[in-house]
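The following exercises concern the structure displayed below. Each task is followed by a solution that proceeds step by step.

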Amino acid sequence: TQTAPVVNFDWGTGSPAAGIGVDTFSGRWEGFLVPQDAGFYTFRVYSGDGVRLWVDGQLVINDWTAGQLRDRTSGPIALAPGKAVTIKLETYDDASTAATKLSWLRPGQSTFAVIPGTQLSTAAPGTVTP
């Protein structure tokens, strides 16, 4: 188990960590997302092979198939500023090159950007973690 401040990984043909093979591995990231602005957000995951993304308990990307590195994009999701929502991302790599990048298109923006660590948390905002 590791904690990552952002989901922005490009392993190429390597392994994500010592003791993990270069192929046939999976990953799961869970936590909270705190939007900055009110409006509609669109999410994008760049990854090979399988991808599932849930936002606020809703499955918004579901492509659990093998393939080459590519983008998968959700439809627009209305979010309120400062209101934390749950986020969960699952991926697997079957073979070849591997990467996982979680981006969003914020209201009023024209390009996708990796979700910054300032908007992600492993604990619900306002709680204390031991």
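**Exercise 1. Locate V22 and describe its surroundings.**

Solution. Step 1: V22 belongs to the loop between strand 1 (8-12) and strand 2 (25-33), where strands (E, at least two residues) and helices (H or I, at least four residues) are DSSP runs numbered from the N terminus.

Step 2: The relative accessibility of V22 is 40%, so it counts as partly exposed; buried means under 20% relative accessible area, exposed over 50%, and partly exposed in between, with a 1.4 Å probe and protein chains only.

Step 3: The C-alpha atoms of V22 and A95 lie 7.8 Å apart in space, although 73 residues separate the two in sequence.

The model is predicted: local features need pLDDT of at least 70 and side-chain atom pairs count only at pLDDT 80 or more, while totals for chains, interfaces and linings use all residues. Residues are numbered from 1 along each chain as its sequence is written, and side-chain values use heavy atoms, with hydrogens and water left out.

**Exercise 2. Characterise the chain as a whole.**

Solution. Step 1: The protein chain contains 0 helices and 11 strands. The radius of gyration is 15 Å, close to the 14 Å that the globule rule gives for 130 residues, so the chain is as compact as a globular protein of that length. This radius is taken over C-alpha atoms, and the rule is 2.2 Å times the number of residues to the power 0.38.

Step 2: Along the principal axes, the C-alpha atoms fill a box of roughly 40 × 35 × 20 Å.

Step 3: Of the 130 residues, 32% are buried. The accessible surface amounts to about 7100 Å², and carbon and sulfur atoms hold 51% of that area; the areas come from the Shrake-Rupley method with a 1.4 Å probe, and for residues only the protein chains shown count as cover.

Step 4: Among contacts (heavy atoms within 4.5 Å) with a separation of 6 or more, 72% link residues 24 or more positions apart.

**Exercise 3. Determine the strand order of the open sheet and identify its edges.**

Solution. Step 1: Two strands pair if DSSP finds at least two bridges between them. The open sheet of 5 strands has the order 5-4-8-2-11, with antiparallel pairing.

Step 2: Strand 5 (58-63) and strand 11 (120-121) each have a single partner strand and stand at the edges, so one side of each is left without a neighbour in the sheet.

Step 3: Within this sheet, strand 4 (residues 51-55) and strand 8 (residues 85-93) run antiparallel and are joined by 5 bridges. L53 stands opposite L89 of strand 8.

**Exercise 4. Trace the pairings of strand 3 and strand 9.**

Solution. Step 1: Strand 3 (residues 39-47) is joined to strand 9 by 6 bridges, and the two run antiparallel. In this pairing, R44 has S103 as its bridge partner, and V45 has L102.

Step 2: Strand 3 also runs antiparallel to strand 7 (residues 77-79), with 3 bridges, where Y41 is partnered by I77. A further 4 bridges connect strand 3 to strand 6 (residues 70-73), again antiparallel; here Y46 has D71 as its partner.

Step 3: Strand 9 is joined to strand 10 (residues 113-114) by 2 bridges in an antiparallel arrangement, and S103 stands opposite V114.

Step 4: In strand 9 (residues 98-105), 6 of the 8 residues are buried, so the strand is largely enclosed by the rest of the structure.

Step 5: T42 lies in strand 3 and is buried, with a relative accessible area of 14%. Leaving aside residues up to four places away in sequence, T42 touches T73, S74, G75, P76, S103, W104, L105 and F112.

**Exercise 5. Compare the settings of D49 and D56. Is each residue buried or partly exposed?**

Solution. Step 1: D49 is not a glycine, yet its phi is positive, at about 60°. D49 occupies the loop between strand 3 and strand 4.

Step 2: With 3% relative accessibility, D49 counts as buried.

Step 3: D56 likewise has a positive phi, near 55°, and is a residue other than glycine. D56 is placed in the loop between strand 4 and strand 5.

Step 4: With 46% relative accessibility, D56 counts as partly exposed.
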